[in-house]
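Biologist: I'm new to this one, and I'd like to know what stands behind the words people use for it. Can we go through them together?

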Amino acid sequence: MSVAPAKRGAQTSPGRNVIDLIGNTPLIETSRLDTGLCRLFLKLESFNPGGSIKDRPALTMIETFEREGRLKPGGTLIEATAGNTGLGLALVASQKGYRLILVIPDKMSREKIFHLKAMGAEIVMTRSDVGKGHPEYYQDMAARIAEETPGAVFVNQFANWANPLAHETSTAPEIWEQMNHHVDAMVCGVGSGGTLTGLSRFFAKVSPATEMILADPDGSILADVVAGKNPREPGSWLVEGIGEDFIPEIADLSRVKKAYTVTDREAFEAARELLKAEGVLAGSSTGTLIAAALRYCQEQTTPKRVVALVPDSGNKYLSKMYNDYWMQDQGLLERPQSGDLRDLVSRRYDEGAAVTVAPEDTLNTAWKRMKLYDVSQLPVVEKHRPIAVIDESDLLVAVSGDPKRFSAPVRSAMSKSVETVRPDADIQTLLDIFNKGYVAMVADGDKFYGVITRIDVINHLRRKFDLS
Ligand code: PMP
């Protein structure tokens, strides 16, 4: 479909293509965070149609290949990523009629892969446990597929200069205009380095006094490099999209004035606080940037105008950093501790968080709840007391002869293989219960606290391992 030529990202009018919505994102000022003497502004890149800042370089990289004649109509693009670059490329490729092959390490979340496939990208899975130089390392594999596929180009965002160019020519000038030509500090992270390099180049030209501030996850080597130190051994971190164990070819750190190292805990707390205080649903890298921006702001002795990016939206992270249970499992969110078995119950019944069924609920209801919450067994609760459990095998036995039995009550299929323990019992008591093939219910007299299964004990031991 041909589209009316229009300034990319300008105000929408009917009949335009989604690609025209890339860029021209809003900028807001925070009002409830503690920014000391400073004012903190947020550039909401989450408003791009693919949901992240990476729509911009995806478009510029593809347009550059087109202009250079390397990408012909109907051609093929290859990249190694499951992240936002993949989403941006998939969006632009689908609209421009290109084939896109993405090489993805097998640790990536199913949601991301479903999203990419739904946009028409072809996915090649590879191992995530091998490093640079191994033939199955995702970057090397993408380069090889590109060589072997006629008419294909390897996008290679880490070494593609159209990536920073996108930020130098769109992200940065927009910020400059929206800030009325007054920016004292610019806070960003480095994944490929495209954002940092592009913004650095623009500000070097129009406002050399603007300080570039790097927000780096704890475990990444970049903050050490900026500080002129020998980098520590790279570690691992949970924040997605930023932090590196190498310096990407296009990452120019030379204008970074100061780098802040931010832990996962601090980043997730900052992102959650941003949603509560300012109503901005942002991704995990935003948490790192906001934590660094707030530290920078609070250290200043004169008022400054500071801009931080919101590189992507929080939708992708709802079951991770915005999920209290996930946060607790990672040891990143403290729950009031009782010092007994109640601490092992992941979804407390007395706090209204347990997933249960009643004996008169249908087997269909039990099946739906198991699916929805991704659990294989449910406590059967009557008058606030656990009377039994129903698991997948009970359900299968009940309905295998006659699927109509999905409308039968849970009472007709539940098994009594439950044992109740008091909160002050020890872990060995639980293990004995599991060994008998039973499920442990924690209750004290009439008060029911919830279920403990093997995975709850494993999670509990894992948290102790993190603390040790
Ligand atoms: N935040 C998120 C969520 C990202 O996906 C990325 C890109 N990997 C970045 C920040 C960093 O951007 P850049 O690649 O330009 O360094």
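**What stands behind the words**

Modeller: Sure, and let's start with a pair of strands: β7 (residues 185-188) and β8 (residues 211-217) pair in the parallel sense over four bridges. Keep in mind that this is a predicted model.

Biologist: What makes β7 and β8 a pair?

Modeller: Pairing takes at least two bridges found by DSSP, and β7 and β8 have four. So they count as paired, given that cut-off. One such partnership puts A185 with E211 in β8.

Biologist: And which strand lies parallel to β8 with six bridges?

Modeller: That's β9. L214 stands opposite A259 there.

Biologist: What is the order of strands in the open sheet of six?

Modeller: β1-β2-β10-β7-β8-β9, with mixed pairing. On average, neighbouring strands in this sheet are turned by 25° against each other, direction ignored.

Biologist: Why are β1 and β9 said to stand at the edges?

Modeller: β1 (27-29) and β9 (256-262) each have a single partner strand, so one side of each has no neighbour in the sheet.

Biologist: How do you know whether β9 is mostly covered or mostly open?

Modeller: Look at its residues: five of the seven are buried, so β9 is mostly covered. A buried residue has 20 or more other C-beta atoms within 10 Å of its own.

Biologist: Then what makes Q300 buried, exposed or something in between?

Modeller: Q300 has 15 C-beta neighbours inside 10 Å. Buried needs 20 or more and exposed needs 12 or fewer, so a count of 15 lands in between and Q300 is partly exposed. Q300 sits in the loop between α9 and β10 (305-310). Setting aside neighbours within four places in sequence, Q300 is in contact with G36, L37 and C38.

Biologist: Why are α8 and α9 called roughly perpendicular?

Modeller: The axes of α8 (residues 264-278) and α9 (residues 284-299) cross at roughly 95°. Roughly perpendicular covers 65 to 115 degrees, so that angle qualifies. These axes also come within 7 Å.

Biologist: Which residues meet where α8 and α9 touch?

Modeller: On the α8 side, E266, A267, F268, A270, A271 and L274; on the α9 side, S284, T286, G287, T288, I290 and A291. This contact divides into seven nonpolar residues, four polar and one charged.

Biologist: There's a sheet of three strands too; what is its order?

Modeller: β13-β14-β15, an open sheet with mixed pairing. The edge strands are β13 (418-421) and β15 (447-452), each pairing on one side only. The twist averages 30° from one strand to the next.

Biologist: How do β14 and β15 run, parallel or antiparallel?

Modeller: Antiparallel, with five bridges joining β14 (residues 439-444) to β15. V442 has G450 as its bridge partner in β15. Helix α13 (residues 427-435) packs on this sheet, touching β13, β14 and β15, and its direction makes about 175° with that of β13. Anything over 145 counts as roughly antiparallel, so α13 and β13 fit that word.

Biologist: Last one: which residues come nearest to the ligand?

Modeller: Of the 19 residues around the ligand, G191, S192, G241, S285 and P311 come nearest. Helix α6 (residues 194-206) gives the most to that shell, with three residues. By type, the shell has four nonpolar, 12 polar and three charged residues.

Notes:
Residues are numbered from 1 along each chain as its sequence is written. This is a predicted model: local features need pLDDT of at least 70, side-chain atom pairs count only at pLDDT 80 or more; totals for chains, interfaces and linings use all residues. Helices (H or I, at least four residues) and strands (E, at least two) are DSSP runs, numbered from the N terminus. Axes are lines fitted to C-alpha atoms, for helices over the stretch in contact, and angles run from 0 to 180 degrees between N-to-C directions. A residue is near a molecule or strand if its C-beta atom, placed from the backbone, lies within 6 Å of it. Ala, Val, Leu, Ile, Met, Phe, Trp, Tyr, Cys and Pro count as nonpolar, Asp, Glu, Lys and Arg as charged, and the others, Gly among them, as polar. Two residues are in contact if their C-beta atoms, placed from the backbone, lie within 7 Å.
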